Amino acid sequence: MEAANIFGSQSNTTIGLRSNVALAQKLFAEAIGAYVIIFAWCGSVEMYKLQDDESITFGSISMTWGAVVMVMVYSMAQVSGAHFNPAVTLIFTIFRRLPWKLASLYILAQLTGSILASGTLTLLLDVTSKSYFGTIPVGSNVQSLAIEIIISFLLMFVVCGVSTDDRMIEHLGGLAIGMTIILNVFVAGPISGASMNPARSIGPAIVKQVYKGLWVYIVGPLIGTVAGAFVYTLIRSTDKPLLQLVKVRLVK
């Protein structure tokens, strides 16, 4: 009996150790993914503002944003699910694909990656108030809020389609998300900065202490992603009653 207890204790310890290692891997993947994405996004904006010629265009920035997201999705999806966005993490938690406790750790990892990336850019480049790489509404806050809601809706709608629907061709998910990012940046970049991701705006704001209109880039993506997920859920299975569709998970 004593031997059995000993072996049982060792087994539980091993399982617990593996669980902790797996959790650490997920959080590290989210932090690394957020770091790389924010570094590329903000870095391209900073270089665009600092350049003396016109070698870096708005179109190339849009392509950079889409490409880096696509690359990180393909690299990290098998480890953490490749959220890299607190709004996306919140949606997967609401639809019970992620526990609330784990979601809070995911969000913390994403914000940490964003802050570290913003700090790195600040150390490497001469960032002034005119070349600030964060997001500030160009027009009114209401205008930028509306834009952020719309593009976040579109992004989450596509994410739901490629990550939760078995009818989707699995290997095209990262490409679809990357192309959606490019589209959103083309449309919304000159108006709101096309954040779509609270971490993308919070990191630079904290590092450079620029908080003008920051609430727009928190509230807008949250509303847009919630709406996008619910709308996709409603149209995903049209043969079920409405009440059942609202309660259904985004996973079979």
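This is a short walk through one protein chain, from its overall layout to a few local details.

Okay, hi everyone. Before we start, keep in mind that what you see is a predicted model.

Let's begin with the whole chain. It has 9 helices and 0 strands, so if you read along the sequence you just get α-α-α-α-α-α-α-α-α. There are 252 residues in the chain, and 44% of them are buried.

Let's go to helix α7, which covers residues 198-208. How much of α7 is buried? It's 8 of the 11 residues, so the rest of the structure largely encloses this helix. Those buried ones are P198, A199, R200, S201, I202, G203, P204 and A205.

Now look at the two ends of α7. At the N-terminal end, N197 acts as the cap: one of its side-chain oxygens sits 2.9 Å from the backbone nitrogen of A199. After the helix comes Q209, and its phi is positive, near 55°.

Just ahead of that, in the loop between α6 and α7, you'll find M196. M196 isn't a glycine, yet its phi is positive, about 65°. Is M196 buried or exposed? Its relative accessible area is 0%, and buried means under 20%, so M196 counts as buried.

There's another residue like this to show you, F84. Where is F84? In the loop between α2 and α3, with α3 running over 86-94. F84 is not a glycine either, and its phi is positive, near 60°. With a relative accessible area of 4%, F84 is buried.

While we're in that loop, have a look at H83, which also lies between α2 and α3. H83 is buried too, at a relative accessible area of 11%. If you want to place it relative to helix α2, try M72: H83 and M72 are 11 residues apart in sequence, and their C-alpha atoms are 9.7 Å apart in space.Next, the surface. Which residues make the nonpolar patch of about 370 Å²? They are Y74, L172, L175 and M179. Y74 belongs to helix α2, residues 58-80. Y74 is partly exposed, with a relative accessible area of 39%.

On to a pocket, the second largest one. The space in it comes to about 370 Å³. It has 20 lining residues, and the closest to its centre are V45, K49, F58, G189 and G193. Which helices supply at least two residues each to this lining? Those are α1 (2-50), α2 and α6 (173-192). Of the contributors, α6 gives the most, with 4 residues.

Last stop, helix α8, residues 216-236, where T225 lies. T225 is buried, with a relative accessible area of 2%. What does its side chain have close by? A polar atom of the T225 side chain lies 2.7 Å from the backbone oxygen of P221.

So, to recap with the structure in view: an all-helix pattern along the chain, a largely enclosed α7 capped by N197, and a second largest pocket to which α6 gives the most lining residues. That's my tour, thanks for listening.

Notes: Residues are numbered from 1 along each chain as its sequence is written. This is a predicted model: local features need pLDDT of at least 70, side-chain atom pairs count only at pLDDT 80 or more; totals for chains, interfaces and linings use all residues. Side-chain values use heavy atoms; hydrogens and water are left out. Patches are made of residues with over 30% relative accessible area and no salt bridge: like charges are joined within 9 Å, nonpolar side chains (Val, Leu, Ile, Met, Phe, Trp, Tyr) within 5 Å. Accessible areas come from the Shrake-Rupley method with a 1.4 Å probe; for residues, only the protein chains shown count as cover. A salt bridge is a side-chain nitrogen of Lys or Arg within 4 Å of a carboxyl oxygen of Asp or Glu. Buried means under 20% relative accessible area, exposed over 50%, partly exposed in between (1.4 Å probe, protein chains only). A polar contact is a pair of N or O atoms within 3.5 Å; within protein, one must be able to donate a hydrogen and the other to accept it, and residues adjacent in sequence count only if both atoms are side-chain atoms. On a 1 Å grid over the protein atoms alone, a cavity is a set of points where a 1.4 Å probe fits but cannot get out, and a pocket is an open set with protein on both sides within 12 Å along at least five of seven lines; lining residues have an atom within 4 Å of a point. Grid points are joined across faces, edges and corners, and a volume is the space filled by probe spheres set on the points.
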